[in-house]
Amino acid sequence: MTLGVGILGAGPVVQAIHLPALARLADLFHVANIMDISPEVAASVAGRVGAGWSTSMEQLLADDGVEVVAICSPSRFHADQVIATMRAGKRAVLCEKPFATSREEAERIATVSAETGVPVIVGAMHTFDPGWLAANGVWGDLPDIATLIRSRILLPPNARFEDFATEVVTRPEFGPADLTDPDARAGLMSGGILGLAIHDLPLVRTFLPAAVDVVVEAAELLKPWGYLVTLRAGERMVQLLGAVSNRWNPEWTFEVFGPESKLEVAFTPSYVQAGSAEAAVTTSTGRFRLGPFDHNGYEGEWRHLHALANGTAEGGPALDELIGDLTFAADVAEGASAIVRDGGLA
Amino acid sequence: MNQLTISLPGDGVGLELLASLPISFRRADAEPDVALVDGGPDGWTESVSDALQTGARAVVVLDPVITSADAIRQLASDASQAGKSVILSETWAGNPIVADVRSTWGPHLRATDFLEVFSVVGAEVEEAFFRQLRVLRNLGFAPPTFSDVVTGRGGLLGTGTLEGRAVSACVAVSAIGDGTLSFVANGPDDQVTLKLPSSATARPALAALVTVEGAQQRPTLWETAHRASWRRVHRMITDGIADVSDLQAFAEDVETCLAALDHRAK
């Protein structure tokens with residue numbers, strides 16, 4: 001018996017990522033209901049998978065065919081929708097990142113999850129990527145001895161991948177920002193961190209000591225859109241680089257250096273079903289290659305959600321870890337935004 | 001071909017280059033046409049001065065390290081007045097693919113708005129940072145201005161600007177580094193990438209250009225920076241050219257590097 005999925009929000013991420021991922025998992029899930037505030041969009045997107053549709057969260061949660069819920073709405077709605085879903089007695093929740101906009105919201109989620117026993121996972125897809133998980137098994141003590149970490153994400157606009165993944169019916173529009181406006185600069189930086197860097201910030205955090213404060217040392221906006229940020233956590237240094245341009249070649253890498261070892265992970269772009277990351281761990285005795293595997297982190301998170309709903313899950317981040325990830329991302333965004341608020345564009 | 005004589009600094013340094021250019025050069029430690037000087041020790045400028053004063057028509061300096069910019073400029077002035085050449089033979093910046101890319105893909109390099117240089121080294125972080133700046137210079141860029149440089153046990157992270165572009169310099173410290181420098185110039189439509197190997201072997205550099213039409217590579221050149229510098233000095237002497245421009249640019253880059261390191265956050 002497959003699990004019925006309800007999805008809150010029907011934008012490009014749902015159309016081009018989650019529905020294609022669920023189509024590959026037809027032995028585990030079926031889409032029962034899709035909600036969007038636009039009835040045309042809800043009906044159109046639901047129609048392609050033979051699901052019911054709703055225009056409000058309440059309608060979707062009232063659908064008994066919905067057993068697990070994916071929350072893919074704008075982030076300001078996430079916390080309330082996660083809590084309402086748990087209170088509605090659903091079996092598990094997958095919430096897109098960030099799963100809350102403040103530590104207070106995140107702690108409310110944790111409290112309700114403990115009360116109701118409903119598990120929550122965050123759509124940090126790279127933490128579920130089989131290439132990343134395989135590397136975790138061989139990187140040894142690198143989290144304890146890492147000295148320099150680089151997250152490097154250079155991508156074409158999303159539409160290049162969305163259009164290979166599916167036929168998208170709606171897309172949000174973005175206007176040019178006024179970079180003479182300090183608030184606009186700060187907003188761009190914050191958007192870069194919470195919209196793009198956030199994919200790999202949980203990975204970065206894996207290699208930082210828990211008890212050490214993270215300081216944003218430098219932040220620069222990149223043209224036409226992007227960020228370059230330097231962090232320091234005690235003796236460890238972190239470079240976050242993200243940029244979107246018109247180039248067709250994506251580069252999404254994550255590297256960690258230790259005194260005598262190195263981790264390299266090359267992720268596939270989001271949207272396209274291009275399989276997992278390829279990872280390599282290099283030590284003085286050799287180089288271990290891991291992957292590629294046949295599915296990506298999105299599919300991995302759905303598989304994990306299924307196991308959680310059935311009580312068979314092993315591993316996966318605990319809610320306090322997710323709160324730590326959220327707080328880390330918010331602190332980096334705040335620190336980097338403050339720097340570019342007073343600065344400019346290179 | 002006009003065969004030139006060359007003196008070597010000892011310890012076998014330069015013998016493999018001599019073996020690869022046996023028609024162009026032969027070894028002669030007394031009154032050579034060209035002197036090969038080790039640029040490693042601080043004060044290499046004095047060794048170059050000595051070589052010029054003892055009759056060499058040109059000096060090739062192997063991987064010169066950071067030293068006094070004033071001493072370098074004085075050396076340039078002295079060599080120029082004497083009508084002699086000083087060639088800097090730098091592992092990364094002097095790799096022949098650098099000049100090749102500069103001349104072939106110059107318009108693409110200039111159309112970029114974000115430059116990255118990255119290398120993994122076992123030690124000598126500041127020298128590695130300086131050598132990254134030297135690659136930018138030999139690709140045709142003016143010296144960048146660094147607003148933030150952070151150093152630590154893990155290496156160095158520098159953030160700067162260069163003629164309206166953002167610049168990222170990163171040096172990681174790890175024993176597993178293979179001595180390769182990576183350079184990436186990112187533009188709105190184009191990207192130029194370079195991978196410059198160490199000079200321990202003649203492993204070729206990789207150079208690629210990505211445009212909206214696709215991607216292309218430059219042909220492999222199975223030659224280190226050092227062999228290329230020997231061929232260059234041979235051409236200069238044969239053509240009667242005296243040149244100290246390497247020294248002048250090097251001095252300016254020393255100042256850029258030291259200025260960046262002076263206000264780093266530790």
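**Entry 1: the S11–S12 pairing in chain B**

I count two strands as paired if DSSP finds at least two bridges between them. With that in hand I turned to S11 and S12 (residues 206–211) of chain B, and I found five bridges between the two, which pair in the antiparallel sense. The model I am reading is a predicted one, and I keep that in mind for everything below. Within this pairing I noted that B:Leu194 stands opposite B:Ala207 of S12(B).

On the S10 side, I followed S11 (residues 191–196) of chain B to S10 (residues 181–186) of chain B, and the two run antiparallel and are joined by six bridges. Here B:Leu181 is placed opposite B:Leu196 of S11(B), and the connection from S10(B) to S11(B) is a hairpin through four residues.

**Entry 2: the eight-stranded sheet of chain B**

I then asked in what order the strands of this open sheet lie. Reading across chain B, I get S7-S8-S9-S6-S10-S11-S12-S13, eight strands with mixed pairing. The edges are S7 (145–152) and S13 (214–217) of chain B, each of which pairs on one side only. Ignoring direction, neighbouring strands are turned by 10 degrees against each other on average.

At the S7 edge, I looked up the pairing with S8 (residues 155–162) of chain B, where the strands run antiparallel and seven bridges join them. B:Asp148 has B:Thr159 of S8(B) as its bridge partner.

Two helices of chain B that pack on this sheet went into my notes. Helix H4 (residues 96–104) of chain B touches S11 and S12 of chain B, and its direction makes about 165 degrees with that of S11(B). Helix H6 (residues 125–138) of chain B touches S6 (114–121), S7, S8, S9 (165–173), S10 and S11 of chain B, and its direction makes about 145 degrees with that of S9(B).

**Entry 3: the five-stranded sheet of chain B**

I next traced another open sheet of chain B, which has five strands in the order S2-S1-S3-S4-S5 and parallel pairing. Its edge strands are S2 (25–27) and S5 (85–89) of chain B, and each of them pairs on one side only. From one strand to the next the twist averages 30 degrees.

Inside this sheet I checked S3 (residues 34–38) and S4 (residues 58–62) of chain B, which pair in the parallel sense over five bridges; the bridge partner that I noted for B:Asp38 is B:Leu62 of S4(B). Lying across S3, S4 and S5 of chain B is helix H2 (residues 44–53) of chain B, which runs at about 165 degrees to S3(B).

**Entry 4: H3 against H8 in chain B**

How far apart are the axes of H3 and H8 of chain B? I read 9 Å for helix H3 (residues 69–81) and helix H8 (residues 245–262) of chain B, which pack at an angle of about 170 degrees. Angles over 145 degrees count as roughly antiparallel, so I describe H3(B) as roughly antiparallel to H8(B). H3(B) brings B:Ala69, B:Ile72, B:Arg73, B:Leu75 and B:Ala76 to the contact, while H8(B) brings B:Leu247, B:Gln248, B:Phe250, B:Ala251, B:Glu252, B:Val254 and B:Glu255. Sorted by class, the contact residues are eight nonpolar, one polar and three charged.

**Entry 5: H1 against H11, and a hairpin, in chain A**

Turning to chain A, I looked up helix H1 (residues 12–23) and helix H11 (residues 297–309) of chain A, which pack at an angle of about 60 degrees with their axes 9 Å apart. The crossing of H1(A) with H11(A) is right-handed. A:Ile17, A:His18, A:Ala21 and A:Leu22 of H1(A) meet A:Tyr298, A:Glu301 and A:Trp302 of H11(A), a contact that I sorted into five nonpolar, one polar and one charged residues.

I also checked S13 (residues 278–283) and S14 (residues 286–290) of chain A, which pair in the antiparallel sense over five bridges and are joined by a hairpin through two residues. A:Thr282 has A:Arg287 of S14(A) as its bridge partner.

**Entry 6: the interface of chains A and B**

Last, I asked how many residues of chain A are in contact with chain B. I found 36 residues of chain A in contact with 43 residues of chain B. The two chains bury about 3,000 Å² between them, and 61% of that lies on carbon and sulfur atoms. Of the area that chain A buries against chain B, A:Met237, A:Arg247 and A:Trp248 supply 19%, more than any other three residues.

How values were computed: Residues are numbered from 1 along each chain as its sequence is written. Chains are lettered from A and ligands numbered from 1 in the order in which they are written. This is a predicted model: local features need pLDDT of at least 70, side-chain atom pairs count only at pLDDT 80 or more; totals for chains, interfaces and linings use all residues. Side-chain values use heavy atoms; hydrogens and water are left out. Axes are lines fitted to C-alpha atoms, for helices over the stretch in contact, and angles run from 0 to 180 degrees between N-to-C directions. Contact means heavy atoms within 4.5 Å. Angles under 35 degrees count as roughly parallel, over 145 as roughly antiparallel, 65 to 115 as roughly perpendicular and the rest as oblique. Ala, Val, Leu, Ile, Met, Phe, Trp, Tyr, Cys and Pro count as nonpolar, Asp, Glu, Lys and Arg as charged, and the others, Gly among them, as polar. A crossing is left-handed if the near helix is turned anticlockwise from the far one by less than a right angle, and right-handed if clockwise. Buried area is the accessible area (1.4 Å probe) that two parts lose on being put together, summed over both.
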